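Notebook open, viewer up. I want to go through the fold piece by piece and jot down what I find.

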Amino acid sequence: DVVCSSLLDGKIVIIGDNSPYALIIPAFLIDFINPQGDKYVKSLHANFMKIIRFMCLIITLTLPGLYISIINYNPEAIPLDLLLSFQANRSGVPFSRALECLFMILISTILRESDIRFPSNYGSSISIIGALVLGEAAVSASLVSPIMIIVVGITFITGLVFSNGEIINGFKFFRLLILLSSCFLGLYGFLLGCFITLIVFSSTHSFNKPYLFPITPFNKKYFFSSM
């Protein structure tokens, strides 16, 4: 159904001999936010889920960098009670928040890769048990704070909304870019990383078609056919 719909949209489909997969070109970002299955449900529910996926896209890219930039450079933007709660949870943690966040993202990425490579019957169970055990052990040993586990957990859960492995790998790169720029420059670095991400997205082309099509340039027919 995905291949047939893509052909009707004027795209090209490449099918390899003895391969169960097909390559669809060109590919746009909106195709990953709006999967083919949405066309089989009511438009109201489908549009609501598209809004949720777009929110997940923003959260998975920006949440770690936003947290680090605010908590390290602009703590006055956080309500006092919440800030005191964050600080109390970090008591005894010997690492900076930036190293703490990088460490947790590395561990989460390893668990994600082990889930993919492990046999399907056991992969999810192993990753869930590993996350629970490692997270509890890290908090008990005062290596990371509970709030950091929550931030990184939300980041990776929102990333799992997108099932395509290639776009998830792309999100990892831009998430790290925004995080590192936030670690060094605070909110200015956060905004700089977001601008660089947006510039890369808007300047990327898929077979001479802009990756952000049909938003830029705006194409009314394709845009509303995806909604």
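Below are my entries on a hairpin, the cysteines, the cores, one threonine and the aromatic rings.

**Entry 1, status.** I'm working with a predicted model here.

**Entry 2, hairpin.** I started with strands S1 (residues 12-15) and S2 (residues 22-25), which run antiparallel and are joined by four bridges. I looked up isoleucine 14 and found leucine 23 as its bridge partner in S2. Six residues sit between the two strands of this hairpin, and asparagine 18 in the turn has a positive phi of about 60 degrees.

**Entry 3, cysteines.** How many disulfides does the count come to? I get zero. Cysteine 101 is in no disulfide, because its nearest cysteine sulfur, on cysteine 183, is 6.9 Å away and the cut-off is 2.5 Å. Cysteine 101 is buried, at a relative accessible area of 0%.

**Entry 4, cores.** Cysteine 101 turned up again in the largest nonpolar core, which has 19 residues; Cys101 is listed there with Tyr67, Ile68, Met148 and Val152 as having the most contacts inside the core. Helices H3 (43-73), H4 (80-89), H5 (97-117), H7 (146-159) and H8 (165-185) each give two or more residues to this core. H7 gives the most, with five residues. Apart from this core I found another, of 13 residues, including Leu29, Leu57, Phe174 and Leu212.

I also pulled the contacts of tyrosine 67, leaving aside its neighbours within four places in sequence: Phe86, Arg97, Ile147, Met148 and Val151.

**Entry 5, a threonine.** Is threonine 155 buried or exposed? It is buried, with a relative accessible area of 1%. Threonine 155 is in helix H7, and a polar atom of its side chain lies 2.8 Å from the backbone oxygen of valine 151. Beyond its neighbours within four places in sequence, I see threonine 155 in contact with Thr60, Leu63, Pro64 and Arg175.

**Entry 6, rings.** My count of aromatic pairs comes to six. Phenylalanine 28 and phenylalanine 213 have ring centres 5.0 Å apart and planes at 50 degrees, so I log the pair as tilted. The pair links distant parts of the chain, 185 residues apart: phenylalanine 28 is in the loop between S2 and helix H2 (29-33), phenylalanine 213 in the loop between strand S4 (209-210) and helix H10 (220-225). Both phenylalanine 28 and phenylalanine 213 are buried.

Phenylalanine 162 and phenylalanine 171 form an edge-to-face pair, with 5.3 Å centre to centre and 75 degrees between the planes. These two, phenylalanine 162 and phenylalanine 171, are both buried. Last note: Phe173, Phe174, Phe201 and Tyr211 make up one aromatic cluster.

Note on methods
Residues numbered from 1 in each chain as written. Predicted model: local features only at pLDDT ≥ 70, side-chain atom pairs only at ≥ 80, totals over all residues. Heavy atoms only, no water. Pairing = 2+ DSSP bridges. Buried < 20%, exposed > 50% of the residue type's maximum accessible area, 1.4 Å probe, protein only. Core = buried A, V, L, I, M, F, W, Y, C linked by side-chain atoms within 4.5 Å. Contact = heavy atoms within 4.5 Å. Polar contact = N/O pair within 3.5 Å; in protein donor to acceptor, adjacent residues only side chain to side chain. Phe/Tyr/Trp six-rings, centres within 6.5 Å; stacked < 30°, edge-to-face > 60°.
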